[in-house]
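Colleague: I'd like to go through the labels on this one and hear what each of them rests on. Put it on the screen and we'll start.

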Amino acid sequence: MYIVMLGAPGTGKGTIGKILSNDLNLVHVSTGDIFREQIAKGTKLGKKIQSYIDTGALVPDDVTIETVKSRLLEDDVKDGAILDGFPRTAAQAEALKGFLKENKPNAKRVAVELDVPDDEIIKRVVNRLICTNKSCGAIYNKETKPPKEEGICDICGSELKKRKDDNVETVTKRLEIYHQNSKELIDFYKKNNALYSIYPKELDVAVANIKNFLDEYRRK
């Protein structure tokens, strides 16, 4: 099963996606992580991606689609994956549908939408701290989930940092762009009877409800 995590930046797609990844034994594929890896390596693609991220704009469909398609051909995701950050537009959703139909004809595809108010998202993101250890990647919040020791990850002891683009101006612009694109994307999955929408106010409750939905969907 390929599970698409939908929702604006800062809704908790990464956090919930990683929990589902562990519980369902599916690889968590984060488009953001793939992009950041390219940026860190200083590749031509990475430099192009950085220019879009710095202004809060979305990476163009053609670049995103080809990047994700390449990742989904790798062996560790042959039986399914948690897709975090892709698709973000109806065009990307169509591309994913076509790719799976051609390469994984028996795979089920479903979308989980995390629906959180914008003002709450902004508050979450501007206070977000992320573990610099890629194999850990734990996420904290200065107000609601601070680390026990300032600037240090509770789990692995690595340094915590705030992303450069986690500021009010950039987040607000990203939300505007998301809302411009999300209606068609959400409608796409509604029309395919493959959408589950939830407000993840309490993490444990949200995860349990999502897993119940996925169990029922798998049996269809």
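Colleague: What makes β5 and β6 a pair, and in which sense do they run?

Modeller: Strand β5 (residues 128-131) and β6 are joined by three bridges, in the antiparallel sense. Two strands pair if DSSP finds at least two bridges between them, so three bridges are enough to call β5 and β6 a pair. One spot to look at is Arg128, which stands opposite Asn141 of β6. Bear in mind that this is a predicted model, where local features need pLDDT of at least 70 and side-chain atom pairs count only at pLDDT 80 or more, while totals for chains, interfaces and linings use all residues. Residues are numbered from 1 along each chain as its sequence is written, and side-chain values use heavy atoms, with hydrogens and water left out.

Colleague: Which strands are called edge strands in the β6-β5-β7 sheet, and why?

Modeller: Those are β6 (139-141) and β7 (160-161), each of which pairs on one side only. The sheet is open, has three strands and is antiparallel in its pairing.

Colleague: How many helices and strands are there, and what earns something the name?

Modeller: Eight helices and eight strands. They are DSSP runs numbered from the N terminus, a helix being H or I over at least four residues and a strand being E over at least two. With two residues, β7 (160-161) just qualifies, because at least two is the rule for a strand.

Colleague: What is the strand order in the five-stranded sheet, and how do its strands pair?

Modeller: The order is β2-β3-β1-β4-β8, an open sheet with parallel pairing. Its edges are β2 (27-30) and β8 (195-198), each with a pairing on one side only. Neighbouring strands here are turned by 20° against each other on average, ignoring direction.

Colleague: How do you know that β4 and β8 belong together?

Modeller: Strand β4 (residues 109-114) shares four bridges with β8, in the parallel sense. Val112 has Tyr196 of β8 as its bridge partner.

Colleague: What lies across that sheet?

Modeller: Helix α5 (residues 90-103) lies across β1 (2-6), β3 (81-84) and β4, and runs at about 150° to β4. Angles like that go from 0 to 180 degrees between N-to-C directions, with axes fitted to C-alpha atoms, for helices over the stretch in contact.

Colleague: Why is α4 called roughly parallel to α5?

Modeller: Helix α4 (residues 61-72) packs on α5 at about 30°, with the axes 10 Å apart. Under 35 degrees counts as roughly parallel, over 145 as roughly antiparallel, 65 to 115 as roughly perpendicular, and the rest as oblique. The angle therefore puts α4 and α5 in the roughly parallel class. In α4, Asp61, Thr64, Ile65, Lys69 and Leu72 meet Ala91, Gln92, Ala95, Leu96 and Phe99 of α5, where contact means heavy atoms within 4.5 Å. By class there are six nonpolar, two polar and two charged residues; Ala, Val, Leu, Ile, Met, Phe, Trp, Tyr, Cys and Pro count as nonpolar, Asp, Glu, Lys and Arg as charged, and the others, Gly among them, as polar.

Colleague: What makes α6 and α7 oblique?

Modeller: The axes of α6 (residues 118-126) and α7 (residues 168-191) come within 10 Å and cross at roughly 140°. That value falls in none of the named ranges, so α6 and α7 are oblique to each other. Asp118, Ile121, Ile122, Val125 and Val126 of α6 meet Val168, Val171, Thr172, Leu175 and His179 of α7. The count there is seven nonpolar, two polar and one charged.

Colleague: And what is the angle between α1 and α8?

Modeller: About 55°, for α1 (residues 13-24) against α8 (residues 203-219), with axes 11 Å apart. That makes α1 oblique to α8. The contact includes Ile16, Ile19 and Leu20 of α1 and Val207, Ile210 and Leu214 of α8. Eight nonpolar, one polar and three charged residues make up this contact.

Colleague: What backbone oddities should I look at?

Modeller: The peptide bond from Phe86 to Pro87 is cis, with omega near -5°, and Pro87 sits in the loop between β3 and α5. Asn25 has a positive phi of about 55° although it isn't a glycine; find Asn25 in the loop between α1 and β2.

Colleague: Last one: how does the radius of gyration sit with a compact globule?

Modeller: The rule is 2.2 Å times the number of residues to the power 0.38, with the radius taken over C-alpha atoms. For 220 residues a compact globule comes out near 17 Å, and the chain has 17 Å, so the two agree. Along the principal axes, the C-alpha atoms fill a box of roughly 45 × 40 × 35 Å.
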